[in-house]
Amino acid sequence: MLIADDWCFACGRANPLGLRLEISQDNEGVFTTFQFQKNHQGWNNIVHGGIISTLLDELSTWAAVKLGHNVVTAQLIVKFKKPITIGTYVRVFAKVTEDKGRLIYAKSQIESLDKTILYATGLATLSVIR
Ligand SMILES: CCCCCCCCCCCCCC(=O)SCCNC(=O)CCNC(=O)[C@H](O)C(C)(C)COP(=O)(O)OP(=O)(O)OC[C@H]1O[C@@H](n2cnc3c(N)ncnc32)[C@H](O)[C@@H]1OP(=O)(O)O
């Protein structure tokens with residue numbers, strides 16, 4: 001059983017060390033904006049891949065949650081296409097691409113706010129928990 005107690009590292013308002021993402025929804029899927037901080041880096045001035053993966057994971061999950069599914073991530077394939085420097089503002093987007101009942105598939109991406117630079121993409125397999 002999945003319980004949402006608002007401590008999610010990515011979206012929980014109660015978590016003082018979390019990313020505090022605010023998720024919005026449109027006709028296509030879900031999205032958020034985010035600015036990377038110094039404490040999100042790996043190599044000097046370059047955003048850590050784990051944080052990038054977290055954003056893709058979170059938005060993929062929310063894409064399914066907003067359609068009424070309780071899911072956990074079973075698999076996430078990430079392509080890191082371009083390094084992201086600290087201070088960069090990005091848009092993160094995800095949408096459900098296939099609903100197979102027990103498994104749901106979602107695509108996600110991180111891009112510049114003007115959508116001209118694609119930084120990373122994700123393909124998630126989400127397992128429905130009943
Ligand atoms: C309004 C309130 C909102 C609140 C929002 C809060 C948001 C919070 C957001 C949080 C966001 C963060 C989100 C997170 O981070 S969620 C946390 C990270 N994820 C987990 O902890 C999941 C851990 N894994 C498991 O619990 C189980 O292994 C699951 C449930 C995934 C499957 O175990 P289960 O016993 O159910 O299934 P099965 O093993 O019999 O397999 C069943 C089918 O699934 C296929 N399969 C299985 N595994 C994989 C795999 N790895 N890749 C691809 N496919 C896989 C398998 O082929 C089979 O298909 P088939 O045999 O029919 O062909």
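This report describes the ligand shell and the surroundings of Thr 32 in a predicted model.

## The shell around the ligand

Twelve names make up the surroundings of the ligand: Ala 4, Asp 57, Glu 58, Thr 61, Trp 62, Val 72, Thr 73, Ala 74, Gln 75, Arg 102, Leu 103 and Ser 127. Sorted by class, this shell holds five nonpolar, four polar and three charged residues, and at least two of its residues come from each of the elements α1 (49–65) and β3 (71–80).

## Polar contacts and burial of the ligand

On the side of α1, which spans 49–65, a polar side-chain atom of Asp 57 is placed 3.1 Å from an oxygen atom of the ligand. Within the range of β3, 71–80, it is the backbone that approaches ligand nitrogen: a backbone N or O atom of Thr 73 lies 3.0 Å from a nitrogen atom of the ligand, and a polar backbone atom of Ala 74 is 2.6 Å from a nitrogen atom of the ligand. The ligand taken alone exposes 1,300 Å², of which the protein buries 43%.

## The surroundings of Thr 32

Thr 32 belongs to strand β2, which covers residues 30–35. Thr 32 counts as buried because its relative accessible area is 3%, which falls under the 20% cut-off for that term.

A polar atom of the Thr 32 side chain lies 2.7 Å from the backbone oxygen of Glu 22. Once neighbours within four places in sequence are set aside, the residues in contact with Thr 32 are Leu 21, Glu 22, Leu 59, Val 90, Arg 91 and Val 92, so that Glu 22 appears both in this list and in the polar pair with the Thr 32 side chain.

Technical notes: Residues are numbered from 1 along each chain as its sequence is written. This is a predicted model: local features need pLDDT of at least 70, side-chain atom pairs count only at pLDDT 80 or more; totals for chains, interfaces and linings use all residues. Side-chain values use heavy atoms; hydrogens and water are left out. A residue is near a molecule or strand if one of its heavy atoms lies within 4 Å of it. A polar contact is a pair of N or O atoms within 3.5 Å; within protein, one must be able to donate a hydrogen and the other to accept it, and residues adjacent in sequence count only if both atoms are side-chain atoms. Accessible areas come from the Shrake-Rupley method with a 1.4 Å probe; for residues, only the protein chains shown count as cover. Helices (H or I, at least four residues) and strands (E, at least two) are DSSP runs, numbered from the N terminus. Ala, Val, Leu, Ile, Met, Phe, Trp, Tyr, Cys and Pro count as nonpolar, Asp, Glu, Lys and Arg as charged, and the others, Gly among them, as polar. Buried means under 20% relative accessible area, exposed over 50%, partly exposed in between (1.4 Å probe, protein chains only). Contact means heavy atoms within 4.5 Å.
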